[in-house]
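Trainee: Could you take me slowly through one part of this model and show me how its surroundings fit into the rest of the chain? I would like to look at one residue closely before stepping back to the whole.

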Amino acid sequence: MRILVPGGAGFIGSTYVRTVLEDRPEDQLVVLDKLTYAGRKENLAGVEDRIEFVEGAIEDRAAVRAAMAGCDAVVNFAAETHVDR
């Protein structure tokens, strides 16, 4: 299965990525993340060679469409933890 993981470079998303790679090594993962304060490539250290990483934002339709090509499922972790007043 090929899975798109928006927000996969964040704390929770990267934990999901590692869990899937451990439990289902046959799956292919595409991580889409815009790398803000919460999403950091360092969170994927050690698994970068086992995933496809796309830097982009979930609100960018073209980026999502391109990253989704060939994917069977989407597991979304892209979210902001706070909103300024």
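Mentor: Let us begin with Ile58, which, leaving out residues up to four places away in sequence, touches Pro6, Leu32, Val64, Asn76 and Ala78. Please keep in mind throughout that this is a predicted model. Ile58 sits in the loop that runs between strand E3 and helix H2, the latter covering residues 61–68. With a relative accessible area of 40%, Ile58 is partly exposed, because a residue counts as buried only under 20% and as exposed only over 50%. Its C-alpha atom lies 7.6 Å from that of Asp33, although Ile58 and Asp33 are 25 residues apart in sequence.

That pairing leads us to Asp33, which is found in strand E2. Asp33 has a relative accessible area of 8% and is therefore buried. Its contacts, not counting residues up to four places away in sequence, are Gly7, Gly8, Ala9, Gly10, Gly39, Phe53, Val54, Glu55 and Gly56. One of these, Phe53, stands 20 residues from Asp33 along the chain, and the C-alpha atoms of the two are separated by 7.9 Å. The side chain of Asp33 also reaches the backbone nitrogen of Leu35, at a distance of 2.8 Å.

Leu35 deserves a pause of its own, since it has a positive phi of about 55° although it is not a glycine. As a general background, most residues other than glycine have a negative phi. Leu35 is placed in the loop between E2 and strand E3, the strand made of residues 51–55, and at 25% relative accessibility it counts as partly exposed.

If we follow that loop to its far end, we arrive at Ile51, which lies in strand E3. Ile51 is buried, with a relative accessible area of 13%, and it touches Val17, Leu21, Leu29, Val31 and Leu44 once residues up to four places away in sequence are set aside. Measuring from C-alpha to C-alpha in the model would be a natural next step for you here: Ile51 and Gln28 come out 6.7 Å apart in space while being 23 residues apart in sequence.

Just ahead of strand E2, which spans residues 28–33, the loop that follows helix H1 (11–23) holds Asp27. Asp27 is buried, with a relative accessible area of 5%, and its side chain reaches the backbone nitrogen of Met1 at 3.3 Å. Beyond its neighbours within four places in sequence, Asp27 is in contact with Met1, Ile3 and Val20.

Ile3, in turn, belongs to strand E1, residues 2–6, and is buried with a relative accessible area of 4%. Apart from neighbours within four places in sequence, Ile3 is in contact with Tyr16, Asp27, Gln28, Leu29, Val30, Cys71, Ala73 and Val75. A separation in sequence does not by itself tell you the distance in space, and Ile3 offers an example, for Ile3 and Glu42 are 39 residues apart in sequence and 21 Å apart from C-alpha to C-alpha.

Helix H1 contributes a further residue to this walk, namely Ser14. Ser14 is buried, with a relative accessible area of 5%, and, leaving aside neighbours within four places in sequence, it is in contact with Gly8, Asn43 and Leu44. Gly8 has already appeared among the contacts of Asp33, and Leu44 among those of Ile51.

Now we can step back to the whole chain. Its secondary structure comes to 2 helices and 4 strands, and along the sequence these follow the pattern β-α-β-β-α-β. The radius of gyration is 12 Å, close to the 12 Å that the globule rule gives for 85 residues, so the chain is as compact as a globular protein of that length. Taken along the principal axes, the C-alpha atoms fill a box of roughly 45 × 25 × 15 Å. Of the 85 residues, 35% are buried. Among the contacts with a separation of 6 or more, 67% come from residues 24 or more positions apart, and the contact of Ile3 with Val75 is one you have already met.

Finally, consider the surface and the charges. The accessible surface comes to about 5500 Å², and 52% of it belongs to carbon and sulfur atoms. The chain carries 10 positive and 15 negative charges, whose mean positions are 4 Å apart.

Key. Residues numbered from 1 in each chain as written. Predicted model: local features only at pLDDT ≥ 70, side-chain atom pairs only at ≥ 80, totals over all residues. Heavy atoms only, no water. Rg over C-alpha atoms; globule rule 2.2 N^0.38 Å. Buried < 20%, exposed > 50% of the residue type's maximum accessible area, 1.4 Å probe, protein only. Contact = heavy atoms within 4.5 Å. Areas by Shrake-Rupley, 256 points an atom, 1.4 Å probe, with all protein chains shown as cover. Lys, Arg positive; Asp, Glu negative; His and termini not counted. Charge placed at Lys NZ, Arg CZ, Asp CG, Glu CD. Polar contact = N/O pair within 3.5 Å; in protein donor to acceptor, adjacent residues only side chain to side chain.
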